[in-house]
Amino acid sequence: MIEPSRILVVQAASPRVAGSPDAGAEYREIQRSVAGSQYRHAVALDSLPAAQLADLSDRLIKEVPAVLHFSARGTPDGGGLRFLTSDGADAPVRDRGLSDLLGQFVAEGLRLVVLGACWTSELAELLAVAVPCVIGTAGPIGDQDCRTYSRTLYSSLAHGRSVGQSHAIARATTEASGADPDYLPSLRGSPGTIPEAVYLIGPEFRVPPARTPVKPRGGAPGWLQFARKRRL
């Protein structure tokens, strides 16, 4: 049995912290995009709610997704992606340590990391050393803009387009919606990786539908009957 491509959405934003993104709303946008896609049968969408760092490593040890999406807050000046703490607040983790952690799972199928948080460009650069495709943001990005980008990105991926094209479509849609073009998400590929050649939907799911041959109804085809009449 062919396994579907997995997307894991890590909801690491604390609702108790002012300015935190609405991770639940973003997940629902992604869920609707996948559910309405052409290849929805080829995608398995999972979430890791109220995620602390230890929850992430425990989950990856058990099962590695093709796409890992973080719905979280970042920290200015490269301070790190923020995860929930035991008291319900959040705190940054070290970029280098998180990069090393995720790099352990590339050989097991991790192909795309989406950093749905502000100020994640430095982390994206570190991850792109090993992870085939990484998406991050250089500065602040609004909650609605982030959801617009995510919704469009996953709709395009689940309709069979490449990571490179899906990112371009999502970025253009978000900018057209009014987002600041200086702080739109950016895509990086690891050395030797061409994002336009990386897909969420594999060829095994792209089997063309079987066609029933059309049989002519009675006698010779019309053009042959016409030719015969001309010879009489």
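**Two cysteines and a helix pair**

Counting disulfides in this predicted model gives zero. The cut-off behind that count is a pair of cysteine sulfur atoms within 2.5 Å. Take C118: its closest cysteine sulfur belongs to C146 and sits 7.4 Å away, which is too far for a bond. Looking from the other end, C146 is in no disulfide either, and its nearest cysteine sulfur is that of C118.

So how exposed or buried are these two cysteines? C118 has a relative accessible area of 17%, and because buried means under 20%, C118 falls in the buried class. C146 comes out at 13% relative accessibility, so C146 counts as buried too.

C146 also leads us to a helix pair, as one of the α5 residues that meet α1. Helix α1 covers residues 23-35 and helix α5 covers residues 143-158. Their axes lie 8 Å apart, and the packing angle is about 25 degrees. Angles under 35 degrees count as roughly parallel, and α1 and α5 are therefore roughly parallel to each other. As for handedness, the crossing of the two is right-handed.

Which residues do the touching between α1 and α5? On the α1 side you'll find A25, E26, E29, I30, S33 and V34. Facing them from α5 are C146, R147, S150, R151, Y154, S155 and A158. Sorted by class, this contact has six nonpolar residues, three polar ones and four charged ones. So C146, buried at 13% relative accessibility, turns up in the contact with α1, while staying out of any disulfide.

How values were computed
Residues numbered from 1 in each chain as written. Predicted model: local features only at pLDDT ≥ 70, side-chain atom pairs only at ≥ 80, totals over all residues. Heavy atoms only, no water. Buried < 20%, exposed > 50% of the residue type's maximum accessible area, 1.4 Å probe, protein only. Axes fitted to C-alpha atoms, helices over the stretch in contact; angles between N-to-C directions. Helix = DSSP H or I, 4+ residues; strand = E, 2+ residues; numbered from the N terminus. Parallel < 35°, antiparallel > 145°, perpendicular 65-115°, else oblique. Left-handed = near helix turned anticlockwise from the far one by under 90°. Contact = heavy atoms within 4.5 Å. Nonpolar A, V, L, I, M, F, W, Y, C, P; charged D, E, K, R; others polar.
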